[in-house]
Each structure stands twice: as structure tokens, then as C-alpha cells.
Amino acid sequence: MVQDLAGYRKHLRFLWLAGAVVVFVALNGCQDVRPKPTPEQQLTTQGRDLFFNETFDGNGRTCGTCHRAEDNLTIDPAFISTLPDDDSLFVAELNPELGANFENPRLMRQFGLILENLDGFSDLENVFTQRGVPHTLGLRTSVDSPAGPRTGWSGDGAPLDGSLRAFAVGAVIQHFTLSLNRVPGVDFRLPTEDELDALEAFQLALGRQEDLALPLALKGSMATRGQEIFLDNALGKCNICHRNAGANATLGGQDAGNANFNTGVEDLADQPIDQIGERVPPDDGFGVPGNGTFNTPPLVEAADTPPFFHNNSIETLEGAVAFYNSDAFNNSPSGQLLASIDPNGVGIDLEATQVEAVAAFLRVINALENIRGAVELIEGGLGKRFALFGDIDEQLRIAAFEIEDAVKVLSGAGLHPAAVAQLERARKFVVKARRSIFRKKSLAKESLRALDDAKSELTSS
Amino acid sequence: MRIGLNVLTAMVILFASVADAQEMTERYIPVGAYPSLSSKYMAAGTIVAVDDEARTMTLKDNGSERSFRVTENTKIWLDRSGLGQTTLDGKFPDLATGLKAEVRSLGPGRLDVAYWVKVQIPAP
């Protein structure tokens with residue numbers, strides 16, 4: 001009896017100990033110890049909530065309806081095809097008030113195009129443009145120009161002072177309205193000044209906070225050669241308008257900032273949209289009436305954000321680079337000007353191999369940016385830095401998309417299989433971490449190690 | 001080559017100067033809704049004078065006055081958001097003294113020419 005009691009006590013002590021270990025491990029896995037957010041971080045968090053949740057009393061759309069966190073803060077036909085029919089993106093199919101002249105559902109679903117009334121609202125049936133959705137990554141580096149801020153595909157995407165802060169005002173009027181009357185207080189409410197501050201803070205926090213400093217010490221021969229061509233102002237000439245693969249130009253030795261150019265995209269023959277018999281007026285770009293120019297997007301984020309150009313006319317990255325060999329570009333004002341300053345009178349003339357090399361370079365720097373972004377997200381989830389998207393699960397969820405994108409952009413051109421293998425490992429760790437209760441943090445840390453290994457396969461810097 | 005690039009720079013800045021924002025959604029923004037976002041090419045105030053012959057209007061705000069020429073190309077918008085109704089296109093005779101108004105000028109070199117004028121139609 002005494003022996004039984006001693007055995008029972010021993011058993012109970014063991015159970016207590018085991019329970020304590022379980023609780024400790026669970027707490028270690030789930031504990032969310034974060035430093036107190038700064039006022040700027042609080043504003044950014046408020047902006048994030050507005051960006052993804054606030055409908056401004058309109059038709060149900062939010063900023064996040066077209067700028068999806070899961071799709072690089074943009075949207076494309078493949079992603080659109082995964083959405084349910086009652087998604088607010090399709091409001092023109094759901095709300096009879098918006099059934100005509102608000103969107104073209106066919107063009108939206110097939111090409112990812114959104115209707116914009118950039119040249120006015122007086123003739124909705126005939127005066128409109130159809131544009132893709134630009135991502136909102138790296139805005140900190142891609143809005144300023146000597147002549148003022150430049151937003152959207154033609155640089156004049158925001159009303160009033162044209163700033164990123166004002167952008168949401170125009171977006172609500174254009175895209176959030178309940179009816180084509182567009183009456184503030186009836187069809188939507190306009191953002192308050194405080195909300196504009198928060199939205200701006202969130203958008204500026206997305207993606208890269210600074211430009212690259214090229215050249216990078218890349219490991220692959222294709223990407224290395226592509227970088228040389230990119231930086232060669234007598235061959236690729238890419239760096240003239242996309243300094244350091246960003247959105248800013250250096251012209252005549254001067255910083256021209258985020259500049260506008262007429263590159264002739266509108267003059268491309270056999271554009272996809274032309275093949276389906278939809279009537280879409282030519283897009284005249286910046287201003288009213290437009291001067292035919294469009295704003296320069298950053299290239300670091302290009303490879304995982306197809307389709308390309310303002311009208312989503314090119315599907316592949318290699319096609320987008322090859323565009324600059326085309327008659328459409330070389331006969332455009334920008335192409336002609338490049339030719340006028342070339343000793344041989346040539347605009348841009350690359351061999352097919354050179355096109356592929358430049359694209360390989362762009363794919364690698366995109367993958368490096370994916371890795372940088374994923375590391376930042378995972379570290380945010382672990383409490384090591386500000387968590388832009390919120391809790392650890394959401395941080396890991398978005399990180400997984402970043403890693404998937406890196407896999408896609410590299411494997412899409414057969415580049416760096418060893419890096420791809422490490423990226424696959426990293427993604428598996430992130431997926432496991434999201435599912436795990438007890439090993440969330442340790443698995444997330446494993447993913448960071450795999451990402452570091454992947455980066456080491458791409459660059460020695 | 002340097003001269004060509006300088007020309008290109010000038011073209012870029014020229015292109016950038018003819019307009020500085022997406023003017024068209026401005027049609028639906030109530031007069032004076034965003035003073036902190038007002039462009040340097042915009043002015044707001046009360047219409048204190050209208051000259052039919054010269055087709056000019058004068059805005060007064062905080063004691064200072066600015067006059068603008070209203071050309072045939074100037075867009076005139078009637079802001080009826082206070083009535084819960086949509087903005088309408090207006091005409092020069094709609095620019096009456098005493099109404100609150102906002103003007104965007106044509107920009108550098110043409111600061112006295114109105115690109116658009118938006119007048120607030122007061123609630124009855």
C-alpha cells in the first residue's frame with residue numbers, strides 16, 4: 001500500500017513535469033514578444049487595415065481588391081481566375097448600377113485590365129482606357145521626379161497635388177463608387193486626411209526601401225552577362241532610364257527621377273486585346289489630352305509581376321525585354337532619341353541571346369528581392385522587426401508567396417537549380433511552421449537558414 | 001551624346017510640366033475638401049468678381065485676390081455634393097459672385113488661365 005502510494009506520487013510528479021515541458025514548449029512556439037511599435041509603425045498598421053479592409057462606404061472594393069498581398073500587391077488573369085464570382089473585383093457583374101461603362105468584365109478576366117476614365121467622365125461609353133494594375137512595391141524609390149510626384153501607369157494617377165498621399169482620393173472616386181453619379185457622401189465617402197496619412201505610410205513601407213547599387217556580384221554567367229548588357233549605355237542602354245534596375249532615369253548626367261517616356265507600346269502590332277474584337281480607344285498616357293508618355297516602373301520587381309506594360313500587352317519577361325528591339329520602340333520618340341545619340345544611329349538592337357541574358361539578370365535580381373522580402377517577413381513574424389502584415393501566421397503566409405515567386409522566376413528560365421532547391425526547402429519550412437503549434441519558431445528559423453543558402457547560390461555579396 | 005541627353009532631360013521635364021495630376025477625378029471632389037493636398041497650381045476661395053467681357057473671374061481667400069482667365073477650353077463644374085447630387089458641367093454664366101470656387105490653372109507660364117473651375121452649389 002505504501003509502495004503503491006509512493007509509485008502514484010512518482011507518477012504524478014512525472015505527469016506534472018511532462019505537462020510543464022509541454023506548456024513551456026508551446027509557449028516558446030507561440031509566444032509573440034514584440035517591441036512596442038513606434039508612432040510611424042502604428043500609422044503603418046492603421047494604413048494596412050484601411051488598405052485591405054476599408055470600403056469607404058462604396059461598392060465593396062478595398063485597395064486590396066486589386067492590390068493583393070498574395071499576388072505582389074497587383075493582380076493578373078491567373079490570380080483573377082481563382083477568385084469566387086462574388087469577389088468585389090467583379091462588382092460590375094454584381095451591381096446593375098455599374099453594369100455598363102464601369103468595367104469590362106471580359107477584359108478584366110481575360111487580360112487583368114481595369115477601366116479608367118483618365119481623360120474625363122463626360123463620355124463614358126467612348127472615352128476610357130484599359131490598364132493593368134501596377135504593383136505597389138518599392139514606392140519609396142519610384143515616385144519622386146524633379147517635376148513632382150509620379151504615380152500610376154502614366155504618372156498622373158493621383159488628383160490634387162499628384163502625391164501618393166492623394167492617390168487614394170482618386171482611386172475611391174474611380175473604382176469604389178456605388179453608381180456612376182459618383183456623389184461623395186452618397187456613392188462613397190472620401191478618405192479623411194488622417195486616413196490618407198495612414199494609407200501613404202503603409203504603401204511606402206511595402207517592398208524595397210532603397211534602390212540596388214549595381215553591379216552586384218552575381219554567380220551565374222547568364223545573369224552576369226545580362227547585368228553587363230543592362231549597364232552598357234552603348235548596348236542594352238537599360239540603365240539610362242532604369243538606373244540600378246529601378247524606376248529612375250539618369251539623363252545627361254542629371255537625375256531625372258521617375259520620368260515619363262513615350263516608348264511606343266501603343267504602336268505594337270497584334271496586341272492580345274486586338275485579337276478578341278473588343279473596342280478599346282488608344283491610351284494617350286500622361287495628361288488630358290495625353291502626350292503619349294507613360295511612367296517608368298521599377299524593374300527589380302518585374303519578373304514576378306507579369307503581364308507587362310500599361311496595357312498588359314506582353315506576357316513574358318523575355319518578350320518585354322525583346323520589345324525594346326521592336327520597330328514600335330525604335331520608331332517611338334524614346335527609341336529615336338536613343339538612336340540620335342548613338343554613334344551608329346541605333347536605338348536598341350540586341351541579339352536573342354542578349355535578350356535572354358538581360359531577362360536572366362532581371363529574374364535573378366527579382367529572386368534576390370523575393371528572398372530579402374521573405375526574410376523580412378519571417379523575421380517580422382519572429383518579433384525581430386516590425387511585422388508589416390500582422391501576426392506570425394500572416395507574415396509567414398505572405399513569405400511563402402514570396403518564396404514561391406522566387407522559385408517561379410528562376411525555374412521559369414532554368415536558372416540556378418541549386419538555389420531553387422534551397423528555396424523549395426525554405427518554403428517547406430514556412431509551410432510546416434504555419435501548421436506547427438510547438439515548433440513554429442524553430443521551423444521559421446530553419447527557413448531563414450535555407451533562404452540564406454539560396455541567396456549564397458545567387459550572389460557572393 | 002551629352003547634348004542629346006540634355007535634350008531628353010528637357011523633354012522629360014517639359015512633358016512632366018503640362019499637367020501634374022489626374023485632373024479628371026477632381027471633378028467629383030467637393031470644393032475645398034482637401035486644403036492640405038492643394039496643388040501649387042490650384043486656388044480656392046470665394047468669387048468676388050466676374051468680367052463677362054474679358055471672361056475673367058476673381059477669387060478671394062484670406063484677403064488675397066487672384067484673377068483667372070476662363071477660356072472656351074476651361075472646364076466648368078458645378079459641385080452639387082452638398083445637395084447629394086452628381087457634379088454637372090457648367091457654363092461661364094454659372095460663375096456668380098458669392099459662390100465658393102476652386103480653380104486649377106494651366107500651370108507654369110499660364111498660371112492666370114483656368115484649366116478647370118469648380119463652383120460649389122449651396123444647399124437651399
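This is a walk through a predicted model with two protein chains, A and B.

Let us begin with the overall build of chain A. Its secondary structure consists of 17 helices and 6 strands. Taken along the principal axes, the C-alpha atoms fill a box of roughly 100 × 60 × 40 Å. How does the radius of gyration of chain A agree with that of a compact globule? For 461 residues such a globule would have a value near 23 Å, and chain A has 25 Å, so the two agree.

Next, consider what is inside and what is on the surface. Of the 461 residues in chain A, 57% count as buried. The accessible surface comes to about 19600 Å², and carbon and sulfur atoms account for 54% of that area. Contacts also tell us how the chain folds back on itself: among those between residues at least 6 apart in sequence, 66% join residues at least 24 apart. As for charge, chain A carries 40 positive and 63 negative side chains, and the centres of these two sets lie 13 Å apart.

With that picture in mind, we can visit some individual residues, starting towards the end of chain A. Find helix α16, which spans residues 417-435, and look for A:A419 within it. Is A:A419 buried or exposed? Its relative accessibility is 0%, so A:A419 counts as buried. Part of its surroundings comes from further along the chain: A:A419 and A:L458 are 39 residues apart in sequence, yet their C-alpha atoms are 6.9 Å apart in space. Leaving aside neighbours within four places in sequence, A:A419 is in contact with A:L410, A:A454, A:E457 and A:L458.

Now move on to A:T459, in the segment that follows α17 (440-458). This residue has 5% relative accessibility and therefore counts as buried. Which backbone oxygen lies 2.8 Å from a polar atom of the side chain of A:T459? It is the backbone oxygen of A:A217. A:A217 also appears among the residues that A:T459 touches, together with A:L218, A:K219 and A:L368, when residues up to four places away in sequence are not counted.

Another polar side chain worth finding is that of A:N258, in the loop between β4 (254-257) and β5 (260-261). A:N258 has a relative accessible area of 0%, so this asparagine is buried. Its side chain reaches the backbone oxygen of A:A247 at 2.8 Å. The list of contacts for A:N258, again without neighbours within four places in sequence, includes A:S142, A:V143, A:D144 and A:S145. A:R150, A:A247, A:N248, A:N295 and A:T296 are also in contact with A:N258.

Some backbone details come next. Most residues other than glycine have a negative phi, and most peptide bonds are trans. Against that background, four places in chain A are worth a visit. A cis peptide bond joins A:V288 and A:P289, with omega about -10°. You will find A:P289 in the loop between β5 and β6 (294-295). A cis bond also joins A:P306 and A:P307, where omega is about -5°. A:P307 sits in the loop between β6 and α11 (317-322).

The other two places concern phi. A:F56 is not a glycine, but has a positive phi of about 55°. This phenylalanine is in the loop between α2 (39-53) and α3 (63-66), and at 0% relative accessibility it counts as buried. A:D270 is likewise not a glycine and has a positive phi of about 55°. Its position is in the loop between β5 and β6. Is A:D270 buried or exposed? With 66% relative accessibility, A:D270 counts as exposed.

Finally, turn to chain B. How many helices and strands does chain B have? There is 1 helix, along with 7 strands. Reading from the N terminus, the elements run α-β-β-β-β-β-β-β. Of the 124 residues in chain B, 47% count as buried. The accessible surface of chain B is about 6100 Å², with 53% of it belonging to carbon and sulfur atoms. Among chain B contacts between residues at least 6 apart in sequence, 57% join residues at least 24 apart.

Definitions and conventions. Residues numbered from 1 in each chain as written. Chains lettered and ligands numbered in written order. Predicted model: local features only at pLDDT ≥ 70, side-chain atom pairs only at ≥ 80, totals over all residues. Heavy atoms only, no water. Helix = DSSP H or I, 4+ residues; strand = E, 2+ residues; numbered from the N terminus. Buried < 20%, exposed > 50% of the residue type's maximum accessible area, 1.4 Å probe, protein only. Polar contact = N/O pair within 3.5 Å; in protein donor to acceptor, adjacent residues only side chain to side chain. Contact = heavy atoms within 4.5 Å. Rg over C-alpha atoms; globule rule 2.2 N^0.38 Å. Areas by Shrake-Rupley, 256 points an atom, 1.4 Å probe, with all protein chains shown as cover. Lys, Arg positive; Asp, Glu negative; His and termini not counted. Charge placed at Lys NZ, Arg CZ, Asp CG, Glu CD.
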